[in-house]
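Visitor: Could you take me through one part of this model in close detail? I would like to look at the aromatic rings and at the helix packing around them.

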Amino acid sequence: MTDSTLFLIKALFLGLMEGFTEFIPVSSTAHLLLIGEWINFSSGSDKVFEVVIQFGSILAVIWIFRARVWQLIRGTLSGDRSEVLFMRNLLIAFLPAAVIGAVMIKYIKALFHNPGVFVVTLILGGLIMLWVERKPQYSKHGKGGDILAKDDSVASQHATAITLEQITWRQALIVGFAQCLAMVPGTSRSGATIISGMMAGIQRKTATEFSFFLAMPTMLAATVYDLYRNAGALSSTQTEAIAVGFVAAFISALFIVRAVLRFVSKRTYRPFAWYRIALGFVVLAWLLMR
């Protein structure tokens with residue numbers, strides 16, 4: 001097996017991993033960077049591969065929600081009030097990351113090379129998720145602790161936005177600023193936006209769906225910006241790896257998105273929180289031993 005073939009196989013594996021982890025609050029970027037390091041996958045100092053293939057996962061969401069996306073576009077162009085407000089909220093939530101990302105991109109990319117950051121963000125993020133899930137106003141647990149009770153009345157009373165159209169511009173702005181935290185690797189874009197949405201009064205499943213929609217312009221912008229800055233420096237092998245990882249991420253995400261929506265309608269995020277904490281300590285042990 002040639003080195004280039006092995007490189008593409010690793011890209012395929014990482015693409016599948018990206019699609020599987022993009023929409024659960026465990027940080028797909030941390031998984032890509034850590035596993036890439038462990039399997040000796042060298043994607044280059046600018047980490048274009050890790051950024052661009054994430055849009056493969058987002059394309060899967062666009063495909064799954066294509067009817068709703070088309071309804072949003074058509075409704076906005078025709079002046080439908082609810083769709084115009086939804087589009088406004090997406091833009092409001094998108095802008096903080098767009099501005100801060102453009103200004104801080106050099107410093108953000110520098111963090112990608114520091115695995116110690118992952119230890120802090122993975123563990124801290126997990127602890128925050130556990131704290132939120134313990135609050136009765138955000139979720140009412142069943143006996144098992146991670147299964148939502150059928151009578152979710154407490155959480156429903158707290159939530160002021162049960163549907164996407166009911167989200168206010170203030171709630172959208174809160175989610176938008178929370179998304180900026182996900183620029184730090186290990187934080188998790190989906191985790192930050194979903195948890196902040198719940199804390200802002202958005203119903204759990206609706207916060208998850210809003211996070212999915214917000215990912216569309218966010219990751220499209222990140223992909224275009226990274227390709228614009230680095231396309232000329234990519235080798236043919238790196239370009240092929242990006243293409244393989246992109247397709248793999250798209251395919252695996254097609255299967256995971258609906259599963260995530262089914263999961264969050266019945267269960268809490270506590271299993272993911274414990275997973276994050278455990279992974280954080282695994283990374284810490286790896287750093288201490290290498």
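Guide: Happy to. Let's begin with a cluster: Phe23, Phe65, Phe86, Phe210, Phe212 and Phe213 are linked by ring pairs. Here rings of Phe, Tyr and Trp (its six-membered ring) pair if their centres lie within 6.5 Å, and planes under 30 degrees apart count as stacked, over 60 as edge-to-face and the rest as tilted. A word on the basis: this is a predicted model, with local features needing pLDDT of at least 70 and side-chain atom pairs counting only at pLDDT 80 or more, while totals for chains, interfaces and linings use all residues. Residues are numbered from 1 along each chain as its sequence is written, and side-chain values use heavy atoms, leaving out hydrogens and water.

One member of that cluster, Phe210, also takes part in a helix contact. Ahead of that contact comes the geometry: helix H9 (residues 169-181) packs with helix H11 (residues 204-230) at an angle of about 60 degrees, their axes 12 Å apart. Helices here are DSSP runs (H or I, at least four residues), numbered from the N terminus. Axes are lines fitted to C-alpha atoms over the stretch in contact, and angles run from 0 to 180 degrees between N-to-C directions. H9 is therefore oblique to H11; that word covers whatever is not under 35 degrees (roughly parallel), over 145 (roughly antiparallel) or 65 to 115 (roughly perpendicular). On the H11 side, Phe210, Leu214 and Thr218 make the contact, and from H9 come Ala172, Val175 and Gln179 (contact means heavy atoms within 4.5 Å). Sorted by class, the contact of H9 with H11 has four nonpolar, two polar and no charged residues. Ala, Val, Leu, Ile, Met, Phe, Trp, Tyr, Cys and Pro count as nonpolar, Asp, Glu, Lys and Arg as charged, and the others, Gly among them, as polar.

Back to the rings: a search of the whole structure finds eleven aromatic pairs. One of them, Phe7 with Phe41, is stacked, at 4.6 Å centre to centre and 10 degrees between the planes. This pair links distant parts of the chain, 34 residues apart: Phe7 sits in helix H1 (residues 3-21), and Phe41 in the loop between helix H2 (28-38) and helix H3 (48-52). Both Phe7 and Phe41 are buried, meaning under 20% relative accessible area, with exposed over 50% and partly exposed in between (1.4 Å probe, protein chains only). Tyr269 and Phe272 have ring centres 6.1 Å apart and planes at 40 degrees, so this pair is tilted. Tyr269 and Phe272 are buried too.

Notes
Helices (H or I, at least four residues) and strands (E, at least two) are DSSP runs, numbered from the N terminus.
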